[in-house]
Amino acid sequence: MILILHVIFASAWIGLVAGEAVIELMAKDRVTRKFVAKAHEIMDVYFEGPLVALTLVSGAYLLYG
């Protein structure tokens with residue numbers, strides 16, 4: 001069960017990083033870059049941080065548990 005959760009967490013993290021890359025590639029002018037910076041900050045704090053933590057914790061459990 002923990003392996004399935006680990007794969008889900010890691011996949012969500014990779015998908016989020018891919019989504020951030022797409023959003024960053026859309027930034028053409030100054031106003032869009034400000035929006036991208038704010039969106040990137042929100043995604044990092046509320047989504048990427050917890051996903052990284054969950055991936056690391058589940059991976060450590062699989063490795064050492």
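How many salt bridges does the count come to? The count comes to one salt bridge. This is a predicted model, and the salt bridge is taken up again below, once the helices that frame it have been described.

The chain has two helices and zero strands. Its radius of gyration is 15 Å, well over the 11 Å that the globule rule gives for 65 residues, so the chain is more spread out than a compact globule. The C-alpha trace spans about 50 × 15 × 15 Å along its principal axes. Buried residues account for 17% of the 65 residues. The accessible surface is about 4,900 Å², and carbon and sulfur atoms contribute 75% of that area.

Helix H1 runs over residues 2–25. From its first C-alpha to its last, H1 reaches 35 Å, close to the 34 Å expected for its 24 residues at 1.5 Å a residue. Its buried residues are His6, Phe9, Leu16 and Glu20. The cover over these residues includes helix H2, which spans 30–64.

Helix H2 has 35 residues, which should span 51 Å at 1.5 Å a residue; its end C-alpha atoms lie 47 Å apart, in agreement with that figure. H2 is bent, by about 45° at aspartate 44. The buried residues in H2 are Val36, Ala39, Met43, Glu48, Leu51, Thr55 and Ser58. They pack against H1, just as H2 is part of what covers the buried residues of H1.

The contacts of the chain can be viewed by sequence separation. Among contacts with a separation of 6 or more, 74% are between residues 24 or more positions apart.

Two residues show the packing in detail, one from each helix. Phenylalanine 9 is found in H1. Its relative accessible area is 18%, and the cut-off for buried is under 20%, so phenylalanine 9 counts as buried. Leaving aside residues up to four places away in sequence, phenylalanine 9 touches Leu51, Leu54, Thr55 and Ser58. Of these contacts, Leu51, Thr55 and Ser58 are also listed among the buried residues of H2. Phenylalanine 9 and glycine 59 are 50 residues apart in sequence, while their C-alpha atoms are 9.9 Å apart in space.

Serine 58, in turn, lies in H2. Its relative accessibility is 3%, so serine 58 counts as buried. With residues up to four places away in sequence again set aside, serine 58 touches Ile2, His6 and Phe9. His6 and Phe9 also appear among the buried residues of H1.

That leaves the salt bridge. The side chains of lysine 38 and glutamate 41 meet in it, at 3.7 Å from N to O. Why are lysine 38 and glutamate 41 separated by about one helical turn? They are separated by about one helical turn because they are three residues apart in helix H2. An α-helix has 3.6 residues a turn, so residues three or four places apart point the same way. Lysine 38 is partly exposed, with a relative accessible area of 48%. Glutamate 41 is also partly exposed, at 43% relative accessibility. Serine 58, in contrast, is buried at 3%.

Terms used. Residues numbered from 1 in each chain as written. Predicted model: local features only at pLDDT ≥ 70, side-chain atom pairs only at ≥ 80, totals over all residues. Heavy atoms only, no water. Helix = DSSP H or I, 4+ residues; strand = E, 2+ residues; numbered from the N terminus. Expected span 1.5 Å × (residues − 1). Buried < 20%, exposed > 50% of the residue type's maximum accessible area, 1.4 Å probe, protein only. Contact = heavy atoms within 4.5 Å. Salt bridge = Lys/Arg side-chain N within 4 Å of Asp/Glu carboxyl O. Rg over C-alpha atoms; globule rule 2.2 N^0.38 Å. Areas by Shrake-Rupley, 256 points an atom, 1.4 Å probe, with all protein chains shown as cover. Bend = angle between axes of the 7 residues up to and from the residue.
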